[in-house]
Amino acid sequence: MSTNKLDQLYRSVIMEHYKHPKNKGVLENGNVTIDMNNPTCGDVIRLTMNVEDDIVKDVKFEGEGCSISMASASMMTQMIKGKTTEEAVKLAHTFSDMMLGKELDESIDLDDLEALSGVAQFPARIKCATLSWKAMEEGVSGESQ
Amino acid sequence: MLSKDIRNHFPILDQEINGHPLVYLDSAATSQKPVQVIEALDRYYRFDNSNVHRGVHTLGNRATDGYEGAREKVRKFINAKSTQEVIFMRGTTTAINTVAQSYGRANVSEGDEIVITHMEHHSNIIPWQQLAKETGAVLKYIDLEEDGTLSLDKVRETITDKTKIVSIMYVSNVLGTMNPIEEITKIAHQHGAVMCVDAAQAAPHVKIDVQKLDCDFLAFSGHKMCGPTGIGVLYGKKDLLNNMEPIEFGGEMIDFVGLYESTWKELPWKFEGGTPIIAGAIGLGAAIDFLEEIGLDAIEQHEHELAGYAMDKMSEIDGLTIYGPRDPDQRAGLVTFNLDDVHPHDVATVLDMNGIAVRAGHHCAQPLMKWLDVSSTARASFYLYNTTDDVDRLVEGLRTTKEYFNDVY
């Protein structure tokens, strides 16, 4: 088996987030709720956020999906909490570039997110990874309008 | 079991995927094409391509003969009484939509019932949802038994004198269940309803006899039965079709055209507006020739044996759940499953790395996924070119998947 390529996809950081997701659940005091699904595969996500003064004060997610989509959602919530909506959107664009295999701006701290870079080599799985980010982008841009 | 040499007719199978010989187990999504079909398409475009039903010239005649000859092949394949009852369409979806929009709009009104089941593919749900919304009719679902089969008692309970259309799949693309269409048709007719059959998963694998089934409409797609994409068939009883209005208007389907009024061609052409799917029909004809040479009964038997073998072997894997009837004689050649708590996408990715192609997702049957209480499943589906070696590779791949995720978890 091409284990090496698989190991690029299923890095231990990803499996750790999948097994023990961060910020799982629904925010009781959230002011933004976004439901999104991936109709081709059945993955679903509900993202609740509390956005005040253009800052993502708190965020939680609930959903069902594969290891890649759930781990990506977990990392996303971890990374955007406390960020301004502008920074969150910028991160979403950086992540999108990463999925497309583009060169990234080195000044951005990707932290755990770097582990998802292997997904770019699995075109069929890119949509799994981007689901929660799309939900977040819709949520914060709707809020800031 | 069929000879392993059948594989040699399918050039696509002779390749490596991710460093392993390809094992294609996704034929329920679309089948591979034998060289006979590929060559029929090639020959048509190289030597005979022309528009049909109009040219006086030789190529026009050849194209027309090829197209109408394919219709006769389909007629024999499903044992229809006449080629007037065989309409070429893009596929099962278009065919069912045609029944809903033409027959349905004319014959269904507020308070009437349309009856389907919980196991239907989206293509046999949404056309009826739309019709129900437009007409004020009630859409009713026949509940399934625990093993994913239909009981005739529940069929009798659901169909009433208010039922105008019953539309049910012949073979389930998820559970593999083979439904008792002949019996359900009788029940529908007792209540004055018409019976429409989604035969997309049946036509590739089971000998279809529309006269024996006595169904009123039957739809299937060419690409799941060794034919090209973009060609399918709507069968309808002549009396019904004669009284139905076309839903697509334009060239090819007209008789006389005036400034404000026009008349339609006779059957089957009044339902084939625009330049028809000539090459597709010829390719489908070649696929039928290929399947009939091997024999539908032999193909069905082969798949039963493969599915039985697969279920036995897969059941030995700890933590593997199989959905649908356990009796291989009650199911077609596919096995839908989940492996522990490894998500089906992850299963499919690891199998792909081993050269094995399976489907993962909701299989265009979201209501059925809800009924099964899962968000998605993996599915291995077999066809005439699959062998027990393929099943062994799948089982080995699943064991690898399990080990891999046990390690990384």
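**Exercise 1. Strand pairing in chain A**

Task: In this predicted model, find how many bridges join β1(A) to β2(A) and in which sense the two strands run. Then place both strands in their sheet.

Solution:
1. Strand β2 of chain A covers residues 43–52, and seven bridges join β1(A) to this strand. The two run antiparallel.
2. One residue pair shows the register: A:Asp35 has A:Arg46 in β2(A) as its bridge partner.
3. The sheet is open and has three strands in the order β1-β2-β3 (chain A), with antiparallel pairing.
4. The edges are β1 (32–38) and β3 (55–64) of chain A; each has a single partner strand, so one side of each is left without a neighbour in the sheet.
5. On average, neighbouring strands of this sheet are turned by 20 degrees against each other, with direction ignored.
6. Helix α3 of chain A, residues 67–80, lies across β2 and β3 of chain A. The helix runs at about 170 degrees to β3(A).

**Exercise 2. The side of chain A that touches chain B**

Task: State how many residues of each chain are in contact, and which helices of chain A supply at least two residues to the side that touches chain B.

Solution:
1. The contact involves 19 residues of chain A and 18 residues of chain B.
2. On the side of chain A, α1 (3–9) and α2 (12–19) each supply at least two residues.
3. By residue class, this side of chain A divides into nine nonpolar, six polar and four charged residues.

**Exercise 3. The two domains of chain B**

Task: Give the bounds of the domains of chain B, then describe the side of domain 1 that touches domain 2.

Solution:
1. Domain 1 of chain B consists of 4–26 + 295–408, and domain 2 of 50–292.
2. Their C-alpha centres lie 29 Å apart.
3. In the contact between them, 25 residues of domain 1 of chain B meet 24 residues of domain 2 of chain B.
4. The elements of chain B that give two or more residues to the domain 1 side are α10 (296–315), β14 (334–339) and α12 (366–372).
5. Of these, α10(B) gives the most, with six residues.
6. The residues of this side divide into 13 nonpolar, six polar and six charged.

**Exercise 4. Strand β17 of chain B**

Task: Determine whether the residues of β17(B) are buried or exposed, and which strands pair with β17(B).

Solution:
1. Strand β17 of chain B spans residues 377–381, and five of the five are buried, so the strand is largely enclosed by the rest of the structure.
2. B:Thr377, B:Arg379 and B:Ser381 point one way from β17(B), while B:Ala378 and B:Ala380 point the other way.
3. β14(B) pairs with β17(B) in the antiparallel sense over four bridges. Here B:Phe337 stands opposite B:Ala378.
4. Strand β16 of chain B, residues 359–361, is joined to β17(B) by three bridges, and these two strands also run antiparallel. In this pair B:Arg359 stands opposite B:Arg379.

**Exercise 5. The surroundings of B:Leu213**

Task: Explain why B:Leu213 counts as buried, and list its contacts beyond four places in sequence.

Solution:
1. B:Leu213 lies in helix α7 of chain B, residues 210–213.
2. The cut-off for a buried residue is 20 or more other C-beta atoms within 10 Å. B:Leu213 has 22 C-beta neighbours inside 10 Å and therefore counts as buried.
3. Leaving aside neighbours within four places in sequence, B:Leu213 is in contact with B:Ile181, B:Glu182, B:Thr185 and B:Val197.
4. B:Leu368 is 155 residues from B:Leu213 along the chain, and their C-alpha atoms are separated by 25 Å.

Key. Residues are numbered from 1 along each chain as its sequence is written. Chains are lettered from A and ligands numbered from 1 in the order in which they are written. This is a predicted model: local features need pLDDT of at least 70, side-chain atom pairs count only at pLDDT 80 or more; totals for chains, interfaces and linings use all residues. A residue is buried if 20 or more other C-beta atoms lie within 10 Å of its own, exposed if 12 or fewer, and partly exposed in between; C-beta atoms are placed from the backbone. Two residues are in contact if their C-beta atoms, placed from the backbone, lie within 7 Å. Two strands pair if DSSP finds at least two bridges between them. Axes are lines fitted to C-alpha atoms, for helices over the stretch in contact, and angles run from 0 to 180 degrees between N-to-C directions. Domain bounds come from an automatic or database domain assignment. Ala, Val, Leu, Ile, Met, Phe, Trp, Tyr, Cys and Pro count as nonpolar, Asp, Glu, Lys and Arg as charged, and the others, Gly among them, as polar.
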